[in-house]
Amino acid sequence: MKDLDLTQGSVPKVLMQFAVPFLIANVLQALYGGADLFVVGRYDDAASVAGVAIGSQVMQTITGIILGLTTSITILIAMSTGAKDDKRTADTIGTSVLFFVIAGIALTVIMILLHKHIATLMHTPAEAMTDTLHYIIVCAAGIPFIMGYNVVCGILRGLGDSRSPLYFVAIACAINIALDFLLVGHFGLRAAGAAIATVLSQGVSFFAALWFLYRKGFKFEFGWRNIHLDKSISRRIVTLGSPIALQDALINVSFLIITVIVNMMGVVASASLGVVEKIIVFAMLPLTAVSSAVATMTAQNYGAGEVQRMNRCLYYGIAMALVFGATFCIYAQFLPATLTGIFTTDPAVIEMASGYLRGYSIDCIMVSFVFCFNAYFSGQGNSLFPMIHSLIATFLFRIPLSFLCGWLDTTDLVLMGYAPPLSTAVSLVICFWYLHINNQRLRAKYPLRH
């Protein structure tokens, strides 16, 4: 495997080298996720589109939990790699493998047992209930594949290899798109067919990643003796990963709450929300890729005590993210229908989704800052602060604003589109305040390296 030493070389160049494969992998991952909605939108009615949109929103919450927990692997491995502590790196990998095997089994059982209750809590429209249930139950069975894939990729990225995960996602993307057209378009399996395609593609991707890791091995000694639940490492996985997972989970829960609010406005509004959420996922992929690179690079340099380099990584990361965020926002203001029309041919859905997208797209500028700040703090082992400010913005501002906008206008989503950027502005103010405090702490800890 090709591992980058993130503590050496030009900061913008190394950051870009690490972020670009991450970005392409994220684009491909979103493509095979968005393929479900795209294909269903081409072959089925609004009820099936709403079923996939609601079901994928639920699964996105679960995936957020998994990503949050596995992000701790990347950060902990990057820290020990930066500190040149091979034994700690090997023990972290071994503990992570066993920890997430147990977690994957538990999460799968919980989702299978509760899928009907979840669909009911979502206030799923009656005509979309069957499709929603089919999508959730099938995808729940594939949770071990999601977990396993993210563990392997978390290990690779922590070691400085962001390129190899790209290949595994490419495999999954190709398989998922082909199976979507076969199962949904040819066999008419509706939402269930889209879910089956997703699970099968994730399974193949996971086993390909596992095989690669086994064949390539590591540059340090690693064996069965390293696969055990080390108490201190397990505690670090939980303390670092839980705030990230909880943050993602609760934010996704907030999306579910907003989905419930919109679902009560009818199936067209529900489908419109699902379409825009898919578009926003794609729009934020570059921002997510850059922030993920910032987190890993920060962690390696934090482990090596390179504070000045770590800070430069944050500033370059924000600049890179802003290029993508601002470009998308400007495009969405003038040509939103060209984006919303990708996922549906229903004129009513296209029109309502376009109004929602104009306001929502402004958030892409705001989160260019917030994502990189969160990554910077998490890369230093502080995932609690990003969780706190995100939850403040989400539950004290975004949800109430969404509810208020839905109450003021029950026929459209235009007003509701401005709730995300307004709530993110709150996070941004808090982040700037905390950055000043964090910089003072770093200057005290590394007086000669700032």
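In this predicted model, one face of helix α2 meets helix α10 through T74, I75, A78, M79, T81 and G82, which contact T296, A299, Q300, Y302, G303 and A304 on the α10 side. Sorted by class, the residues of this contact divide into six nonpolar and six polar, with no charged residue among them. The α10 helix spans residues 285-304, and its axis lies 7 Å from that of α2, at a packing angle of about 40°. The crossing of α2 and α10 is right-handed.

Helix α2, which covers residues 46-82, also takes part in enclosing empty space. The search of the whole structure returned two cavities of 30 Å³ or more. The second largest cavity holds about 50 Å³ of space. Its lining is made up of A53, I54, Q57, T259, S270, L273, G274 and E277. Two elements, α2 (46-82) and α9 (267-283), each supply at least two of these lining residues. Helix α9 gives the largest share, with four residues. In terms of class, the lining of the second largest cavity comprises three nonpolar, four polar and one charged residues.

Turning to open space, the largest pocket has a volume of about 620 Å³. It is lined by 22 residues, and those closest to its centre are V97, V152, L210, L213 and I227. Helices α3, α5 (143-158) and α7 (190-216) are the elements that give two or more residues to this lining. The lining of the largest pocket contains 18 nonpolar and four polar residues, and no charged residues. A charged residue is thus absent from the lining of the largest pocket, whereas the lining of the second largest cavity includes one.

Helix α3, one of the contributors to the pocket lining, is also the site of a salt bridge between the side chains of D91 and K87, with an N to O distance of 2.8 Å. Both D91 and K87 belong to α3, which runs over residues 86-121, and they are four residues apart, about one turn of the helix. In the structure as a whole, two salt bridges are found, the D91 and K87 pair being one of them.

Note on methods:
Residues are numbered from 1 along each chain as its sequence is written. This is a predicted model: local features need pLDDT of at least 70, side-chain atom pairs count only at pLDDT 80 or more; totals for chains, interfaces and linings use all residues. Side-chain values use heavy atoms; hydrogens and water are left out. On a 1 Å grid over the protein atoms alone, a cavity is a set of points where a 1.4 Å probe fits but cannot get out, and a pocket is an open set with protein on both sides within 12 Å along at least five of seven lines; lining residues have an atom within 4 Å of a point. Grid points are joined across faces, edges and corners, and a volume is the space filled by probe spheres set on the points. Ala, Val, Leu, Ile, Met, Phe, Trp, Tyr, Cys and Pro count as nonpolar, Asp, Glu, Lys and Arg as charged, and the others, Gly among them, as polar. Axes are lines fitted to C-alpha atoms, for helices over the stretch in contact, and angles run from 0 to 180 degrees between N-to-C directions. A crossing is left-handed if the near helix is turned anticlockwise from the far one by less than a right angle, and right-handed if clockwise. Contact means heavy atoms within 4.5 Å. A salt bridge is a side-chain nitrogen of Lys or Arg within 4 Å of a carboxyl oxygen of Asp or Glu.
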